[in-house]
Amino acid sequence: MPPASTLPVYADTIVVGGGTSGAAVAGTIAGRTEESVLLLEAGPDYGAFEDGNWPADLLDASDLAETHAWGYDSGDRYGDRKIVFERARVIGGCSSHNGCAAIWGHRADYDGWAAAGNAGWSTDDLIPFFESADSHLRVRTPASGEITPYQQAMLDAAPAVGIPLVENLNNLDESVGMAPSPSNIWNGIRWNAAFAYLDPVRAKPNLTIHGNVLTDRLIIEGCRITGVHVIGPDGPATIRAGRVVVSGGTYGSPAILLRSGIGSADALARAGITLLHELPGVGQNLHDHSAAYLQFTGSDLLRERMAIFGLNNWMPEEQTIAKIRSSFCNEAFDLHIYPAGAPYGDGPDPWFFIMPIACMTPRSRGQLSVRSADPTATPVFDHGYLTDPDRYDIGVLADGIEIGRDIANQSALTALLGDEFAPGPGVKRRKEIEAWLTDVVVHYYHPVGTCKMGPTTDPTAVVDARGKIHGLEGGYVADCSMMPVIPRANTNVPAAVVGERIGNWLAGS
C-alpha cells in the first residue's frame, strides 16, 4: 500500500469512494484492463485482510460495527428523537459495518428498472452479476446446526401463520417464505467488499488506493468532468483524470455533485454554490425501507438456551428473514421480518430480543441537500418516512406489526419471548398502531435513489443506464444512489452488483 501522503496528479480512472460499489468498480476495472485506476476513500484503508491490520469490530460479524461512522443523523427533524443514519467511513464502506445479509430481492425489482428505460438492468441481465458478487463476497447460508435457539423458534413458528419455510431466500421468482439468510460471513468474519474486490488486485501496478482523502468537488471544464479537488493528509490537492466515477453512496454522491455545482438552481443558490450544470434530480428521490421494532423482554428459558448455545457456537445477532405480504400487496411481497437477538445490548441485562419489521416497497420520497460548499459539513436529510399521500407505507407496516404479533403468539415462541414491551399491550387498535409507528419509525439501513438512473426524457434522472451523468462527459455515478426504485432486498449485494455492472461496462466488456 503506497503512503497516503503521495497523491498522484493523474489517473485514467478515479473512483471516488471505496465502499461496496466503489470497491467493485475499481477492482473490476483494474483487474480487466491495464489503465491506471486511483481509488480515493475518505476513511482509512487497512490494507489486505492477510496483512492483519484490521480492527476487531470491523471483522466481527456477530454484531453491527459502530466505529468509523460518518456521524449522520436526522438532526432536529423529529424533535427530541434522533434517527442515526449509519454509514461507514472506511475502505469497504458499509460492507465493513453491516449485518451481512446477502439478499437479492425479487424479479419484479430489476425488471421494473429495465421497463423504466434502463437497458441492461433486467433480472436476466443481472443474474450473472449477482452470482459473481456472491462468489466474491463468499456468501453462504448457515446450516441447521448453526441456527441460534431464538432464530430456530422463529422458523418453527412461521408456518403456523401461513409463512412457509423455503430453501433459498434468493429465489427471485418466489414470494412469501422464511429461511436462514445467506450472508457474506466467512468463519465469523465480515467478508467485506475490500477483501472481495480489492485484495485480489492490490498487487497490480495499475491500481492505487489512498485512504483518508476527502473529495471536495469535481472539476468541470465546459461539458466535461476532468478531475477532482480533494483534501488529503497533506491538505488540498487537485488530481486530473480521463474519467471520474463517483461512488460515495446515496448520501455522499449527491453531496459531491451538489458541491460541484451540479443540481437544481434553487437548491444550489440556497447553499451559496454557483450553478455549473443544471440537473434538478440531484438529491431528490431519497428513500429507504421504513421499519419499526416489536420488542420483547425474553424469558429466562430463552436466555438459558441462548447462553448454552453460545458456549460452543458462534452467535450472530441476525440470522433469518421472512418475506411476507401485507393486505396491500399485489405483487411478490412487501414486508421483511428480520428477528435479532443476542447478548450484545446495553444496560444491566445485555440480552435483547426484537422482531424488526420493514416495508420493502415504500412509496414515500424525501431529499438530500447541502448547507454549503464545505465538504466537511454534514448534509441535510429528509427521508420522508411515512409521508406518501395514500398512507400506503404506514398501512403496510401496521399489517406487519399485526403479522409479527401473530408469529409471537404461536406456541413455538410464546414460552420464550416473555412480554412485549414495544409497542406493548396498550397499543392494540389499528389507529393506535399507526400512531405508534409515526412516533418510532426508523429505517432498514438501505438508502437509495438520490442520483436516479433513467433516460433523458425523465426530468428527475441524473445518470443514464450506464451511470453516465446526463449532459457531462467523463463523469459517472456507480452506487445505490442511482437505483430508481429500491429493491425488495438488503442493498448489500445489490450495491456490489451495481459496481460490477458499471465496472464491466467501463472496462469495455
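Here are some questions and answers about helix packing, cavities and backbone oddities in this predicted model.

Me: How many cavities of 30 Å³ or more are there, and what volume does the largest have?
Reply: Going by that cut-off, the count is 3 cavities. The largest of them has a volume of about 60 Å³.

Me: Into which classes do the residues lining the largest cavity divide?
Reply: The lining includes Ala61, Leu64, Ile185, Trp314 and Pro316, along with Ser62, Gly99, Asp63, Glu317 and Glu318. Gly goes with the polar class here. So, with Asp and Glu counted as charged, the lining splits into 5 nonpolar, 2 polar and 3 charged residues.

Me: How are helix 4 and helix 13 oriented, parallel or perpendicular?
Reply: Helix 4 covers residues 123-136 and helix 13 covers residues 492-506, and their axes sit 9 Å apart. The packing angle is about 115°. Angles from 65 to 115 degrees count as perpendicular in this scheme, so helix 4 ends up roughly perpendicular to helix 13.

Me: Which residues of helix 13 meet helix 4, and how does their contact divide by class?
Reply: From helix 4, the residues taking part are Asp125, Leu126, Phe129, Phe130, Ser132, Ala133, Asp134 and His136. On the other side, helix 13 brings Val493, Pro494, Ala496, Val497, Glu500, Arg501 and Asn504. By class, that contact has 8 nonpolar, 3 polar and 4 charged residues.

Me: What about helix 10 and helix 12: is their crossing left-handed or right-handed?
Reply: Helix 10 (residues 392-408) and helix 12 (residues 430-440) pack at about 110°, with axes 10 Å apart. The two helices are therefore roughly perpendicular to each other. As for the hand of the crossing, it's right-handed.

Me: How many charged residues does the contact of helix 10 with helix 12 have?
Reply: Helix 10 puts in residues including Asp399, Glu402 and Arg405, while helix 12 offers Arg430 and Glu434, among others. Asp, Glu and Arg are charged by class. Next to 7 nonpolar and 2 polar residues, the charged ones number 5.

Me: Is the peptide bond from Ala422 to Pro423 cis or trans, and where does Pro423 lie?
Reply: Omega for that bond is near 0°, which is given as cis. Pro423 itself lies in the loop between strand 20 (420-422) and helix 12.

Me: Where is the place of Ala332, and what is its phi?
Reply: Ala332 is in the loop between strand 14 (320-324) and strand 15 (335-337). Its phi is positive although the residue is not a glycine, with a value near 60°.

Key:
Residues are numbered from 1 along each chain as its sequence is written. This is a predicted model: local features need pLDDT of at least 70, side-chain atom pairs count only at pLDDT 80 or more; totals for chains, interfaces and linings use all residues. Side-chain values use heavy atoms; hydrogens and water are left out. On a 1 Å grid over the protein atoms alone, a cavity is a set of points where a 1.4 Å probe fits but cannot get out, and a pocket is an open set with protein on both sides within 12 Å along at least five of seven lines; lining residues have an atom within 4 Å of a point. Grid points are joined across faces, edges and corners, and a volume is the space filled by probe spheres set on the points. Axes are lines fitted to C-alpha atoms, for helices over the stretch in contact, and angles run from 0 to 180 degrees between N-to-C directions. Helices (H or I, at least four residues) and strands (E, at least two) are DSSP runs, numbered from the N terminus. Angles under 35 degrees count as roughly parallel, over 145 as roughly antiparallel, 65 to 115 as roughly perpendicular and the rest as oblique. Contact means heavy atoms within 4.5 Å. A crossing is left-handed if the near helix is turned anticlockwise from the far one by less than a right angle, and right-handed if clockwise.
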